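Here is a short tour of a protein for someone who has not met it before. Look at the sequence and the model first, then read on.

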Amino acid sequence: MFESIEHVKNSITEKELKNLLLHRNRQWMYKKDGSSTVNGSLKTVVLSCIDSRVPVEKIFQAKPGELLVLKNAGNLITDDMFRSALVASVELGAKFFIVLGHTRCGMAIKNNPTKIDHISSKISQESLNKLASRAKKDVIEWFGFFNQNEWNENATTQAEKLQELLDETVSKDLQPTILKAIYDLDSGEVTFI
């Protein structure tokens with residue numbers, strides 16, 4: 001089953017990638033289900049990690065038009081995620097916001113100096129300094145790394161951060177209910193925590 005995923009070579013060209021994706025798009029066009037007009041019918045926003053092994057719509061068997069999905073590295077509540085949560089609540093009527101962490105997240109390297117050094121070595125010191133200056137904080141903190149095996153704690157921390165931002169800025173009647181969950185990459189199971 002898992003062997004059926006496509007593996008492209010590092011030498012793939014832009015043209016080859018476009019052809020691959022357009023071929024898949026044509027297949028989607030023939031089986032397209034869901035809605036082209038309804039947006040967010042489940043009244044739920046899911047914030048998950050950009051990890052390609054976390055396909056939110058597939059995990060919840062959602063069709064287009066049902067879930068509102070946000071993704072970033074480490075499923076972090078950033079200014080943009082908060083902005084999107086507000087739009088989803090106020091404009092689209094979202095009643096629930098799920099912070100969906102997952103096992104074996106690549107952002108869980110805070111307590112691993114070897115991996116931190118590896119990332120630092122890939123990005124020039126000049127760039128790291130610029131990022132720290134722009135963020136006005138330590139660049140490692142800016143990345144949002146968390147500790148290995150602390151998937152639940154990260155989801156809880158992010159949910160608390162979202163709640164604090166909502167409490168500071170939005171009346172209670174416009175606030176979605178915040179839920180925390182973990183997706184197990186191996187079993188495919190979601191557990192609400």
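Contact here means that heavy atoms lie within 4.5 Å. With that in hand, start at one residue. The model is a predicted one.

**Glutamine 175**

Which residues does glutamine 175 touch, not counting those up to four places away in sequence? They are Gln163, Leu166, Asp167 and Val170. Glutamine 175 itself sits in the loop between H7 and E4. Is glutamine 175 buried or exposed? Buried means under 20% relative accessible area. Glutamine 175 has a relative accessible area of 14%, so it counts as buried.

Its side chain takes part in several polar pairings. One is a polar contact with the side chain of aspartate 167, at 3.2 Å. Another polar contact joins the side chains of glutamine 175 and glutamine 163, at 2.8 Å. There is also a backbone partner: the backbone oxygen of leucine 166 is 3.3 Å from a polar atom of the glutamine 175 side chain. Leucine 42 is another reference point. Along the chain, glutamine 175 and leucine 42 are 133 residues apart. Their C-alpha atoms are separated by 16 Å.

**Asparagine 154**

Now move to helix H7, where asparagine 154 lies. Asparagine 154 has a relative accessible area of 7%, so this residue is buried. What does asparagine 154 contact, leaving aside neighbours within four places in sequence? The answer is Gly74, Asn75, Leu76 and Phe146.

**The whole protein**

Step back to the overall layout. The protein has seven helices and five strands. Read along the sequence, their order is α-β-α-β-α-β-α-α-α-α-β-β. The C-alpha trace spans about 50 × 50 × 30 Å along its principal axes. The protein has 193 residues, and 32% of them count as buried. Consider the contacts with a separation of 6 or more: 70% of them come from residues 24 or more positions apart.

**The nonpolar cores**

How many residues does the largest nonpolar core have? It has 28 residues. Val45, Phe97 and Leu162 have the most contacts inside it. Strands E1 (44-48), E2 (67-71), E3 (96-102) and E4 (177-183) each give two or more residues to this core, as do helices H3 and H7. H7 provides the largest share of this core, with five residues.

Take valine 45 as a close-up. Leaving aside neighbours within four places in sequence, valine 45 is in contact with Leu68, Leu70, Ala88, Ala94, Phe96, Phe97 and Ile98. Another core lies apart from the largest one. This other core has 11 residues, among them Ile59, Ile98, Leu100 and Leu185.

**The pockets**

Rolling a probe the size of a water molecule over the atoms shows where empty space is left. Two of the pockets are set out below.

| Pocket | Volume | Lining by class |
|---|---|---|
| Largest pocket | about 1100 Å³ | 10 nonpolar, five polar, 10 charged residues |
| Second largest pocket | about 610 Å³ | eight nonpolar, six polar, eight charged residues |

The largest pocket has a volume of about 1100 Å³. Its lining has 25 residues, and those closest to its centre are Ile5, Arg24, Ser52, Pro55 and Lys58. Which helices each supply at least two residues of this lining? They are helix H1 (14-31) and helix H2 (56-59). H1 gives the most to the lining of the largest pocket, with five residues.

The second largest pocket has a volume of about 610 Å³. It is lined by 22 residues, and the closest to its centre are Leu76, Lys137, Glu141, Gly144 and Lys161. Helix H3 (79-90), helix H6 (139-143) and helix H7 (151-169) each supply at least two residues of this lining. H7 gives the most to the lining of the second largest pocket, with six residues.

**Helix H7 in review**

Helix H7 has come up in several places. It holds asparagine 154. It provides the largest share of the largest nonpolar core. It also gives the most to the lining of the second largest pocket.

Methods. Residues are numbered from 1 along each chain as its sequence is written. This is a predicted model: local features need pLDDT of at least 70, side-chain atom pairs count only at pLDDT 80 or more; totals for chains, interfaces and linings use all residues. Side-chain values use heavy atoms; hydrogens and water are left out. On a 1 Å grid over the protein atoms alone, a cavity is a set of points where a 1.4 Å probe fits but cannot get out, and a pocket is an open set with protein on both sides within 12 Å along at least five of seven lines; lining residues have an atom within 4 Å of a point. Grid points are joined across faces, edges and corners, and a volume is the space filled by probe spheres set on the points. Helices (H or I, at least four residues) and strands (E, at least two) are DSSP runs, numbered from the N terminus. Ala, Val, Leu, Ile, Met, Phe, Trp, Tyr, Cys and Pro count as nonpolar, Asp, Glu, Lys and Arg as charged, and the others, Gly among them, as polar. A nonpolar core is a set of buried Ala, Val, Leu, Ile, Met, Phe, Trp, Tyr and Cys residues joined through side-chain atoms within 4.5 Å. Buried means under 20% relative accessible area, exposed over 50%, partly exposed in between (1.4 Å probe, protein chains only). A polar contact is a pair of N or O atoms within 3.5 Å; within protein, one must be able to donate a hydrogen and the other to accept it, and residues adjacent in sequence count only if both atoms are side-chain atoms.
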